[in-house]
Each structure stands twice: as C-alpha cells, then as structure tokens.
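Please open the model in a viewer and keep the selection panel at hand. The tour below proceeds by selections, each followed by an account of what is found there.

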Amino acid sequence: MNGAVFFLGVNFVVAICFCIVFAVVSTRSRSRVAALWFGAGFGVASLAAVCEIAVAYLPFPRPWAIGAFATVLGGMIFLLFGIGSLYDVRINRRLAGLMFAVSSFGNVFVYDLRPGTPLHAFSYQTPFALVILASAGVVLQALLRSNRQLLIDKVVCALLAVTGVHFIAKAALAIAVGAGSVATDYIRTDYALISQSLTAVLMVAVGLTLLSVLVLEIMADERSVSESDALSGLANRRGFERRVRSAIATFPKGPHAVVLCDLDRFKTINDTYGHHAGDMVIQSFGTLLSSCAPKEAIVGRMGGEEFSVFLPNTPMDVALMVAQALRGGTMAMSVAGLPPTSRITASFGVANLTSPDALDEMFRQADVALYAAKRAGRNRVHEATSDDGRPRAAHVRPVN
C-alpha cells in the first residue's frame, strides 16, 4: 500500500466518523438542520476516497474519476448549505445546484486533458476553491453584521479561507511536480501523497471547528436551562449571580445598584386562592420585572416570592426611581385566577455597590432594607444607608 492510498483510507474513515458525529449532535443542537447538512457533506465526500482508489485499480476509470470529483464538490456544497443555516445567511441553492451540474459536466472533458497542465489543474481545483471561499464569505458576512462574534466563528472563517486558497495552491503544485500522465497514474505520484495528506489535515480541522461551534451552542443552551427559573422565565439564583459577577468584572468602577423585591403576603394568596393562583402571580411579576426594568438590568428569581434586579452603571437615585416604578407597576397588575378587586403589592430594598469586592455586603444591605420595608407596613421602597447600616425610607408611600 502506498502513502496516497493510506491517506485516502484515512480520509474515508475520518469523513465517516464526522458524518456519524454530526448526525448524533443534530439530536441535541438548536442548529439541527446545519448539523445534518454537515453530516451529509462529510458522508458524500467520503465516497471520493472510494472512487479515487477505483480509478487506479478498476477498469473503466473515467466514471470513477468523474464520481470522485462530483462527490467532493457535492460534499462541499452541502457544507456550504450547513454553514448558511448555522450563520443564518441565505444560500442560493439553485445557483449552487447549477454550479454543481456545470462543473461535473465540464469535468467529463477535463478528464481527457493531460494531468499536471495548467488548464487541467486549475479547471479541476477551481470549483472546490470557489465553494469553500463562498463558505468563508458566509461566515464573514455574519461576523460583519454582528450576528455572531465568538472567537470560534472567526477561526472557522479563517480556516475556510485557508482551505479555499489551498485548492489553488494544489493546482500550482500539480503543475510544478506533476500529477502523472493519465488519471490512473495519480495515486502513485508524490503529488497525490501531498494532496491527500493536506486534505486529511484540513478536513479534520474544518470538521472539528464546525463541531466545536455546535458543541458550544449545546453547552450554552444547557447552561441557559440550568440557570433559568422555569416558572417566572427569569434567571435563577445561580444564573443571576453569575451574570452579576460578569457585569461587575466588565465595569468594575460602577456605579452599580441592586433592588431586592419581595411579594407581600404571598402565603395568604396561596392559602386563599390556591397554588395555581400563586404561580400566576409569580409569572405576572416576572413579566413585569422583565418588561419594566432597564434593558441592561439583570433580573432573577432568588427563590419563593423573592426577586432581584441588578442595575449596572446606575447611581442610587436612579435605582430608587426604578424601584418606585416597579412598585407602582405591581399594584397595577391584573392576575388571572384572582378576583378583579385583588391588588398585589411588593416591598423593595435598594442598595449600591461601594466596591467590586463588596458584592455580598451590597446584597446584605439591600436585604436589611427590604425587611425594614416589610416591618414598616409593606408596599414600600427602602434604601440601605452605607454608614451605619440602618435603612431609611426612600420615599413616602403615596395615597392610592
């Protein structure tokens, strides 16, 4: 077995493995269609290795040579479709199909050209280069319009660009070192060994980077689920705290503030109207916080009837106004399952962050202020003072 045949075998096994892996990943990925296109692309391209070996060792090499070209090009077009689906960029499939048909038909005539000549080399390799460079262009388009800005997406774009250019380099290499006098000689040439080894490396690199994109998406989705509260639709305690620490790390100088919220007499609502009504109150209050809190705010349900709103880059006076607006919105809520005359209220404690290392102290002070508002009669906003820790009423409750 010569080196080229060995790499053809490696390429076949690697492509089949990627085909299977992408099929499995598609069952868990939100980009299911893209994963299936990728799997189909590697599956179709794997047949090229079989065709290349058949060209060298079976009679009637022409159809096998044309099959090798068509399966590689077809697999690349499937990858292009998958990349378009993954990055939400529309691909003109009719144009791609027309290119496949014209290139495959043209390859019937390219087969009769002497291998290693400029016309043969560039006619053979250019369709591959165009499809892969088009794939790189799709990723670049997504990056430029800021659909995705992850490092892995930039790596995918760069790797596809390199892979596309490498096909043009392969044409130049075929001219320089020779690719045999006829198609059946290809597999025994040094060019074949170099070409197949490069293809193996780049195929693995492209497959792994695309797989990484899908796996990172799955991990992000799993983390989102694990950090979300199913009832309110907000972040749970773990998700809230992670996002708050991330926001503080991004803007360490602040100012930052937090508003702790606690629904008043929630146990009474459950005992009087049932747990379903209580769940509806939680859902309605979560919707209120999401819609009324500033866009950059981080909102979470800390447990039971207690919620938190972290306000990055927000001074205390603005945080107090946000809390008052939320208090007013709570009283105006209409909750299914409760009598029209029922009125939901909540108490609020507000504290600011004095330093990036004082996060726990900020929450402690806000908690003290919240329970001071409860003791003072509920349906109030209290501010935590930073000097002696004694909360004071931030605003007098208006008469309703």
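**First selection: a ring pair**

Select tyrosine 124, which counts as buried because its relative accessibility is 18%, under the 20% cut-off. The model in view is a predicted one. Add phenylalanine 69, which at 1% relative accessibility also counts as buried. Over the model, the count of aromatic pairs comes to 13. In the pair formed by phenylalanine 69 and tyrosine 124, the ring centres are 5.2 Å apart and the planes stand at 65 degrees, so the arrangement is edge-to-face. This pair joins distant parts of the chain: phenylalanine 69 belongs to helix 3 and tyrosine 124 to helix 5, with the two positions 55 residues apart.

**Second selection: a pair within helix 4**

Move next to phenylalanine 105 and phenylalanine 109, whose ring centres lie 5.4 Å apart with planes at 75 degrees, so this pair too is edge-to-face. Both residues are in helix 4, four residues apart, and are therefore separated by about one helical turn. Is phenylalanine 105 buried or exposed? Phenylalanine 105 is exposed, with a relative accessible area of 55%.

**Third selection: a ring cluster and a charge over a ring**

Select Phe18, Phe22, Phe38 and Phe42 together; ring pairs link these residues into a cluster. Then display arginine 93 with phenylalanine 81. The charged end of arginine 93 sits over the ring of phenylalanine 81, at 5.2 Å from the ring centre.

**Fourth selection: the largest nonpolar core**

Two members of the ring cluster, Phe22 and Phe38, return here. The largest nonpolar core has 47 residues, and those with the most contacts inside it are Phe22, Phe38, Ile83, Tyr87, Val139, Leu160 and Leu210. Two or more residues of this core come from each of helix 1, helix 2, helix 3, helix 5, helix 6 and helix 7. Which helix gives the largest share of this core? That share, 10 residues, comes from helix 5.

**Fifth selection: the largest cavity**

Switch on a cavity display. The structure holds one cavity of 30 Å³ or more, and the space in the largest cavity is about 890 Å³. Its lining has 49 residues; to find the centre, select Glu52, Val72, Tyr124, Phe128 and Lys170, which lie nearest to it. Tyr124 is thus met again, now in the cavity lining as well as in the ring pair with phenylalanine 69.

For a wider view, colour the helices that supply at least two lining residues each: helix 1 (3–25), helix 2 (32–57), helix 3 (61–86), helix 4 (93–110), helix 5 (118–144), helix 6 (151–177) and helix 7 (190–226). Coloured by class, the lining shows 34 nonpolar, 13 polar and two charged residues.

**Sixth selection: helix 3 and the loop before it**

Leucine 80 is in helix 3. With a relative accessible area of 8%, leucine 80 is buried. Draw a distance from leucine 80 to tryptophan 37: the C-alpha atoms are 8.4 Å apart, although 43 residues separate the two along the chain.

Phenylalanine 60 lies in the loop between helix 2 and helix 3. What is the phi of phenylalanine 60? The angle is positive, about 55 degrees, although the residue is not a glycine. Most residues other than glycine have a negative phi. Phenylalanine 60 is also exposed, with a relative accessible area of 68%.

**Seventh selection: the largest pocket**

Select Asp264, Arg265, Thr268, Ile269, Thr272, Tyr273, Leu338, Ser342, Arg343, Ile344 and Thr345, which line the largest pocket. Its volume is about 180 Å³. The lining has four nonpolar, four polar and three charged residues.

Within this set, centre on arginine 265, in the loop between strand 1 and helix 9 (266–273). Arginine 265 is a residue other than glycine with a positive phi, near 50 degrees.

**Last selection: proline 255**

Proline 255 is in the loop between helix 8 (237–250) and strand 1 (257–263). At 41% relative accessible area, proline 255 is partly exposed. To finish, draw the line from proline 255 to aspartate 271: their C-alpha atoms are separated by 41 Å, with the residues 16 apart along the chain.

How values were computed. Residues numbered from 1 in each chain as written. Predicted model: local features only at pLDDT ≥ 70, side-chain atom pairs only at ≥ 80, totals over all residues. Heavy atoms only, no water. 1 Å grid on protein atoms, 1.4 Å probe; cavity = no way out; pocket = protein on both sides within 12 Å on 5 of 7 lines; lining within 4 Å. Points joined across faces, edges and corners; volume = space filled by probe spheres on them. Nonpolar A, V, L, I, M, F, W, Y, C, P; charged D, E, K, R; others polar. Phe/Tyr/Trp six-rings, centres within 6.5 Å; stacked < 30°, edge-to-face > 60°. Buried < 20%, exposed > 50% of the residue type's maximum accessible area, 1.4 Å probe, protein only. Lys NZ or Arg CZ within 6 Å of the ring centre and 35° of its normal. Core = buried A, V, L, I, M, F, W, Y, C linked by side-chain atoms within 4.5 Å.
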